[in-house]
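This report describes one protein chain for a reader who has not seen it before. The sequence and the structure come first, and the description follows.

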Amino acid sequence: MDYSDSSPPPPSKKTTKKGNARKDKPVGSRLAFDDTKQEAKKVARKSTGKMTDVQKAQLNKHMAQHKKKGMSMSDMKRHRMMMMGRMRKGMSVQKAHNDIKKGGQK
């Protein structure tokens, strides 16, 4: 029996509904991971877990200034949490505050 004449040739590439989204990628490979593109590894500072008493006093003084200026309680809580996260990573009050003002990373 000669089946080679009746069968269609195997498809070389499959495309999705989005067109060439899967072009040159093997069938079944994941789109989320592409080992050909190695991103630079970012080294994040590790949190020490607790703030020192000096840091707590500095943060309380900083928050008192915001309270005098009339910041709402919900905004104060949000700002305090953001400041605490940065200060745990080793930033000073001024650096943490400037980082928040410019919209820095969390």
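Helices (H or I, at least four residues) and strands (E, at least two) are DSSP runs, numbered from the N terminus. From the N terminus on, the elements of this protein run α-α-α, and the secondary structure comes to three helices and zero strands. The model is predicted, so local features need pLDDT of at least 70 and side-chain atom pairs count only at pLDDT 80 or more, while totals for chains, interfaces and linings use all residues. Residues are numbered from 1 along each chain as its sequence is written, and side-chain values use heavy atoms, with hydrogens and water left out.

**The whole chain**

The protein has 106 residues, and buried residues make up 18% of them. Buried means under 20% relative accessible area, exposed over 50%, and partly exposed in between (1.4 Å probe, protein chains only). The accessible surface comes to about 9,700 Å², and 54% of that belongs to carbon and sulfur atoms. These areas come from the Shrake-Rupley method with a 1.4 Å probe; for residues, only the protein chains shown count as cover. Of the contacts in the protein with a separation of 6 or more, 34% are accounted for by residues 24 or more positions apart. Contact here means heavy atoms within 4.5 Å.

**How the helices pack**

Axes are lines fitted to C-alpha atoms, for helices over the stretch in contact, and angles run from 0 to 180 degrees between N-to-C directions. Helices α1 and α2 pack at an angle of about 150°, and their axes are 11 Å apart. That makes α1 roughly antiparallel to α2. Angles under 35 degrees count as roughly parallel, over 145 as roughly antiparallel, 65 to 115 as roughly perpendicular and the rest as oblique. On the α1 side, the residues that make the contact include Leu-59, His-62, Met-63 and His-66, and on the α2 side they include Met-76, His-79, Met-83 and Met-87.

Helix α2 also packs against helix α3 (residues 93–101), at an angle of about 125° and with axes 9 Å apart. The two are therefore oblique to each other. This contact is made by His-79, Met-82, Met-83, Arg-86 and Met-87 of α2 together with Val-93, Ala-96, His-97, Asp-99 and Ile-100 of α3.

**Four buried residues**

The table lists four residues with their helix and relative accessible area.

| Residue | Helix | Relative accessible area |
|---|---|---|
| His-66 | α1 (residues 53–69) | 12%, buried |
| His-79 | α2 | 8%, buried |
| Arg-86 | α2 (residues 73–88) | 4%, buried |
| Met-87 | α2 | 2%, buried |

**His-66 and His-79**

What joins His-79 to His-66? The side chains of these two residues make a polar contact of 3.3 Å. A polar contact is a pair of N or O atoms within 3.5 Å; within protein, one must be able to donate a hydrogen and the other to accept it, and residues adjacent in sequence count only if both atoms are side-chain atoms. His-66 and His-79 are 13 residues apart along the chain, and their C-alpha atoms are separated by 9.6 Å. Leaving aside residues up to four places away in sequence, His-66 touches Met-71, His-79 and His-97. With the same exclusion of residues up to four places away, His-79 touches His-62, Met-63, His-66, Met-71, His-97 and Ile-100.

**Arg-86 and Met-87**

The side chain of Arg-86 is joined to that of Asp-99 by a polar contact of 2.7 Å. Arg-86 and His-97 are eleven residues apart along the chain, with 8.9 Å between their C-alpha atoms.

Met-87 touches Met-51, Gln-55, Gln-58, Leu-59, Val-93 and Ala-96, not counting residues up to four places away in sequence. One of these, Met-51, is 36 residues from Met-87 in sequence and 7.5 Å from Met-87 in space, C-alpha to C-alpha.
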